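Subject: Structure for your files, with notes

Hello,

Here is the structure you were waiting for. Please look it over before reading the notes underneath.

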Amino acid sequence: MTEDEARSIHSLAQINLVQIPLGADVSFITTDGLEIKELYFAEPGIVMGQHAHAFSHAHLVGSGEVRVWVDVKEVGDFKAGAAIDIAAGKMHTLMSLKADTRGFCIHNVAGLEGIEIVKKAVFPG
């Protein structure tokens, strides 16, 4: 998909796939209990599937740009350096708008056994 094609998608109903696997699957836990999961989107239009977590977390855009939906509502486009707060229990989806986009999901898992996904969804269409 081109950048222009990715930028034309503003509704989850326009996404006709279940999920494209992400490139990197790097995750580590810091000594103070933060789990940091790296997401790598090789090209525009790659989607991180819609899901929700038991606890709030942040997504930090490291490079490139992503479009974010929360509870099926488009909340905006975020460039490198942006941090996006995702509330607990909110279904959220990210889609890359540029090639070589990299982001980091940051969860506080102190005292837990890792990131808990409480809901997953399949895209409409």
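The notes below go from the whole chain to single residues.

This is a predicted model, in which local features need pLDDT of at least 70 and side-chain atom pairs count only at pLDDT 80 or more, while totals for chains, interfaces and linings use all residues. Residues are numbered from 1 along each chain as its sequence is written, and side-chain values use heavy atoms, with hydrogens and water left out.

Overall make-up

The chain holds one helix and 10 strands. Helices here are DSSP runs of H or I with at least four residues, strands are runs of E with at least two, and both are numbered from the N terminus. The order along the sequence is α-β-β-β-β-β-β-β-β-β-β. The chain has 125 residues, and 38% of them count as buried. Buried means under 20% relative accessible area, exposed means over 50%, and partly exposed lies in between (1.4 Å probe, protein chains only). About 6500 Å² of the chain is accessible surface, and carbon and sulfur atoms account for 54% of that; the areas come from the Shrake-Rupley method with a 1.4 Å probe, and for residues only the protein chains shown count as cover.

Contact means heavy atoms within 4.5 Å. Taking contacts between residues at least 6 apart in sequence, 75% join residues at least 24 apart.

Salt bridges

The whole structure contains six salt bridges, each defined as a side-chain nitrogen of Lys or Arg within 4 Å of a carboxyl oxygen of Asp or Glu. Side chains of opposite charge can pair when their charged atoms come close.

One of the six is between Glu-3 and Arg-7, at 3.8 Å from N to O. Both residues sit in helix α1 (residues 3-7), four residues apart, or about one turn of the helix. Glu-3 is partly exposed at 34% relative accessible area, and Arg-7 is also partly exposed, at 26%. Arg-7 has another salt bridge, to Glu-65, with the closest N and O atoms 2.6 Å apart. Because Arg-7 belongs to helix α1 and Glu-65 to strand β5 (residues 65-70), this pair ties together parts that are 58 residues apart in sequence. Glu-65 is buried, with a relative accessible area of 4%.

A further salt bridge joins Arg-67 and Glu-74, whose closest N and O atoms are 3.4 Å apart. Arg-67 is buried at 2% relative accessibility, whereas Glu-74 is partly exposed at 27%. Through shared partners, Glu-3, Arg-7 and Glu-65 form one network of salt bridges.

Strand β9 and its partners

Strand β9 (residues 101-108) has two faces. Thr-101, Gly-103, Cys-105 and His-107 are on the covered face, and Arg-102, Phe-104, Ile-106 and Asn-108 are on the uncovered one. Strands count as paired if DSSP finds at least two bridges between them. β9 runs antiparallel to strand β2 (residues 34-41), with eight bridges, and Leu-39 stands opposite Gly-103. Five bridges join β9 to strand β4 (residues 57-63), again antiparallel; there His-59 is opposite Cys-105.

Nonpolar cores

A nonpolar core is a set of buried Ala, Val, Leu, Ile, Met, Phe, Trp, Tyr and Cys residues joined through side-chain atoms within 4.5 Å. The largest has 12 residues: Leu-39, Phe-41, Ile-46, Met-48, Val-61, Val-66, Val-68, Phe-78, Ile-84, Ile-86, Leu-94 and Cys-105. At least two of these residues come from each of β2, β5 and β7 (83-86). Apart from neighbours within four places in sequence, Phe-78 is in contact with Val-61, Gly-64, Glu-65, Val-66, Val-68 and Ile-84. A second, separate core has eight residues, among them Leu-12, Ile-15, Trp-69 and Met-95.

Backbone angles to check

Most residues other than glycine have a negative phi. Asp-71 has a positive phi, near 50°. Asp-71 lies in the loop between β5 and β6 (73-79) and is partly exposed at 37% relative accessibility. Asp-100 also has a positive phi, about 55°. Asp-100 is in the loop between β8 (92-96) and β9, and at 46% relative accessibility counts as partly exposed.

Regards
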